[in-house]
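Please find below my notes on the cysteines and on one acidic residue, set out as numbered points for you to read alongside the structure.

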Amino acid sequence: MSSPKLPIEALLAEERLFEPTAALREQANMKDAGVYAKAQQDREGFWAEAARSLDWFKPWEKVLEWNPPTAQWFIGGKINVSYNCLDRHVKTWRRNKAALIWEGEPGEERVLTYADLYREVNKFANVMKKLGIRKGDRVTIYMPMVPELPIALLACARIGAPHSVVFGGFSAESLRDRINDAQSKLVITADGSYRRGQIVPLKRNVDAAIKECPCVENVILLKRLGDAAFIHVQEGRDHWWHRLMADAQAYCEPEAMDAEDPLFILYTSGTTAKPKGILHTTAGYLVGASLTHRWVFDIKEEDVYWCTADIGWVTGHSYIVYGPLANGTTGLMYEGSPDWPEKDRWWQMVAKYGVNILYTAPTAIRAFMKWGEKYPDQHDLSSLRLLGSVGEPINPEAWMWYHDVIGKGKCPIVDTWWQTETGSILISPLPGLTAMKPGSATFPLPGIDADVVDETGQSVPLGGGGYLVLKSPWPSMARTIYGDPERYVQTYWNRFGKEVYFAGDGCKRDSQGYFWLLGRVDDVMNVSGHRISTMEVESALVDHHEVAEAAVIGRKDEIKGEAIAAFVTLKEGALSDVEKVSELKKHVSEKIGSIARPDAIFFTAELPKTRSGKIMRRLLRDIAEGRALGDTTTLADATVVAKLKSQYEES
């Protein structure tokens, strides 16, 4: 996706360079410019050195076994993620260091030291074991952004039970599908959560979901709302968190996990309606998450670091929980939204807690731009020393606003590219080494073999564009799609051969070799940094009893990056009015979640199709973005698209 305001040609002509200051170069965690060449010459040696920063119960015998597309890292090694995030810190002075600073949407505050977190994780691990959860059992977690969420993740990691976190904004149906796919025995949830002053009925969604989940044996329920929740508690199945914890033992021996044992499953949208359960394993994932967190964010011992993502997404897994805690960092965690109760909420918190590093999404930055400088200007943001961007390409306008208004011109910006599937950041500046360009993620990190190729898989020259690929394995890469290894191969390792990972993103490199990400090339939309399948939204629309057919596209949006537009054909006799638009938007929200709610719905008697019956979404994007129509020669009826274009322009 190029900038909403600039064509890609203008992006590639971007000449503004922001060099690291001498002071930054001097104190940076990574200041050796030779690291790129060293990693390229001996990639396995580079990753082995990174892995030695972790504590192992048993060292590995072999760094990498590569049988494309299957990679195994640190073979024979035994390790535990929870031990690396907690135990090794509580044996040092970090025992009394703040691990998590939490603020709830209504304003509650909690601070958990590493000793506090260690105690709670151990107890909750024992709680799960008492309910019969053992190594290898899957656990679904559907919770608000409260400290008990990372506690649950770390407790799962401690006993070797792979977790599957489902974002709290997903509907009961989406939750049901993910529970059943993972065959989870246990669901961990809360009675509800807060969002912009409203109550999100998490427990009611769980109740609705597990009516059709015979695999679920128990539900652990955190009291977040209390009497305001109005929930049903089923005797024998539902267990209150606080009651279970009251009797729990204070120490749980960490399971010695094989390097390749599963750590978690995280579902991401695919180009079919069925979500993909991306499986990450233990050692390689933690090596990638901890190293990139330390280097990309230049983390110092005294820093207060704030990643604003939700733990329901991979950014929260890697850069709220596992990466920061492995590095002994103090992290800020916030339950609410950036504009509640006022549009200065985030800046008030930056000033209050003295935040040094802020990692957020271009969607949020564009919203702040729209609201104006008066909100950040009300607060002292002088503690900030580094800013980060994640989730989608950031346009130069937003980059400069972030740099000048939030960073006051003194903070480097690390614009990061990665995916659920990659596990950790792969393309990003290193703040002490890289000259930054507004809008570019700059270069692949050391140890990452990225390229831009054409349709035939040939590397394109500088100044050219094509598809982003990765030509060598890396430790934090996903190992498979849970329960569907063939889909994993077909999706990621088929287009350019089994040795080349196809990221699904378009990319160009300018004359200096800087990478410019252009967004998805498949039918997955990037809405506010969330990947949503067009097929998922279409399936939800067609599920409505009055919808005959639907085609969904992402159109450029200055705030969200992409906004969802739906073209809908109703069944005979159905009324296409304003009320129907609202009804269909609500229906999609109920089927998938509010993040998939279409911004616009257009009714049409017919959709543009090829002679073979395939809907031409490319032409719908042309219509939605006001472009001249592309090639229409393959259409079964070219008049359909002309009528639709006219109708769209009149709306």
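1. A disulfide is taken here as a pair of cysteine sulfur atoms within 2.5 Å. The model is a predicted one, and a search of the whole structure for such pairs finds 0 disulfides.

2. Why does Cys252 form no bond of this kind with Cys156? The cysteine sulfur closest to that of Cys252 belongs to Cys156, and because the two lie 11 Å apart, they are too far from each other for a bond. Starting from Cys156 leads to the matching result, since the closest cysteine sulfur to its own is that of Cys252, again at 11 Å and too far for a bond.

3. Are these two cysteines buried or exposed? Cys156 has a relative accessibility of 0% and therefore counts as buried, and Cys252, at 1%, counts as buried as well.

4. Turning to the acidic residue, Asp238 is found in strand β12, which covers residues 238-240. Its relative accessible area is 8%, so Asp238 is buried, the limit for that term being under 20%.

5. Which partners does the side chain of Asp238 have? It is joined to the side chain of Lys203 by a polar contact of 2.9 Å, and it also reaches the backbone nitrogen of Gln234, at 2.8 Å.

6. Leaving aside residues up to four places away in sequence, Asp238 touches Lys203, Asp207, Val219, His232 and Val233. Lys203 thus appears both in this list of contacts and as the side-chain partner in the polar contact of 2.9 Å.

Terms used: Residues numbered from 1 in each chain as written. Predicted model: local features only at pLDDT ≥ 70, side-chain atom pairs only at ≥ 80, totals over all residues. Heavy atoms only, no water. Buried < 20%, exposed > 50% of the residue type's maximum accessible area, 1.4 Å probe, protein only. Helix = DSSP H or I, 4+ residues; strand = E, 2+ residues; numbered from the N terminus. Polar contact = N/O pair within 3.5 Å; in protein donor to acceptor, adjacent residues only side chain to side chain. Contact = heavy atoms within 4.5 Å.
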